[in-house]
Amino acid sequence: MKPLVLDGYEPGGQLSLTTMVENFPGFPDGILGPELIENMRKQAQRFGAEFRFGAVTAVNLSSSPFHLTVAKEEHECRALIVAAGASARMLGLEAEKHLLGRGVSTCATCDGYFFRDRDIVVIGGGDTAMEEATFLTKFARQVTIVHRRQDFRASRVMLDRAQANPKIHFMTPYVVEDVRDVTKQGVESVILRHADTGETVELKVEGVFVAIGHDPNTTVFRGQLDMNEQGYLRTHDGTKTNVDGVFAAGDVQDHVYRQAISAAGSGCMASIDAERFLAEHKE
Ligand code: NDP
């Protein structure tokens, strides 16, 4: 086989934006996200995988070989694995970008451990925010959920669980205006503005978990691959999509587990499925 990896504008995806990864098996002392990506890349190259930087801008999956456009380059393939991942939604604050991995996180399972006995905030009002806040109480001293409305999008059961947790406090309706302090390269507080009165308050915290949802990177496949209302690809019989020869792996089809190891596991399944497909469809 002649595998080609089109690795987007952010090679490594969410792992490239994180610091220490503590839950990938085989690294008893943890490993930095970017280092883990680099190791995986070298390992794939050792077995002949080629890499191209740049995002796929158009695809044609209507007949085999499939066609993919990356900037001005055209690529053809007989089997395709879509592993384009999902991007965590961000608040859009300048400080949040600078402090990502330095107190600002988008993944409680990955980073919760670093906030033992600290005060933290979780931003969001959906199931992810409730789940992450509840999980974080295992480590944190106090968790404050900040949500921009009085009503929650979260399911009743998840909201009830969070409300019953003595370590969780709620601040609504508040919008995050700023995260401080970029000059100190760490989180010291958040500035919150009351959505109705406009009054601002400063809340001292050492961690900020942004839990306002994820967007799967599937726009380019719209109309060709089956997806749910949120854009996550639908798979069946392992990693198969609705198009014969196209497989999906990782966060692009999983909004439940979202871990590097679960994504890697489904990537392994997809490559086995692709290999079998190619063996069965020899020219
Ligand atoms: P949702 O889209 O359900 O919720 C996102 C939340 O973030 C909303 O409360 C929204 O506020 C808020 N938000 C969005 N953008 C901003 C912003 N710019 N600033 C401030 N707040 C913002 O995403 P989730 O990730 O929570 O859930 C996605 C799906 O996954 C859902 O179907 C959920 O049920 C499911 N899920 C299920 C779980 C489980 O069952 N264990 C666990 C986690 C997720 P507003 O409400 O005002 O729009």
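A polar contact is a pair of N or O atoms within 3.5 Å; within protein, one must be able to donate a hydrogen and the other to accept it, and residues adjacent in sequence count only if both atoms are side-chain atoms. Between domain 1 and domain 2, the count of residue pairs in polar contact (both at pLDDT 80 or more) comes to zero. The model is predicted, so local features need pLDDT of at least 70 and side-chain atom pairs count only at pLDDT 80 or more, while totals for chains, interfaces and linings use all residues. Residues are numbered from 1 along each chain as its sequence is written, and side-chain values use heavy atoms, with hydrogens and water left out.

The domain assignment, automatic or from a database, splits the protein into domain 1 (4–88 + 214–280) and domain 2 (94–210). Their centres, taken over C-alpha atoms, sit 30 Å apart. Nine residues of domain 1 are in contact with 10 residues of domain 2, contact meaning heavy atoms within 4.5 Å.

Now for the insides. The largest nonpolar core (buried Ala, Val, Leu, Ile, Met, Phe, Trp, Tyr and Cys residues joined through side-chain atoms within 4.5 Å, buried being under 20% relative accessible area with a 1.4 Å probe, protein chains only) has 19 residues, and Ile120, Met130 and Phe209 are among those touching the most other members. Phenylalanine 209, leaving aside neighbours within four places in sequence, is in contact with residues including Cys107, Phe115, Ile120 and Leu136. A second, separate core of 18 residues includes Ala95, Val121, Ile123 and Val146.

Technical notes. Buried means under 20% relative accessible area, exposed over 50%, partly exposed in between (1.4 Å probe, protein chains only).
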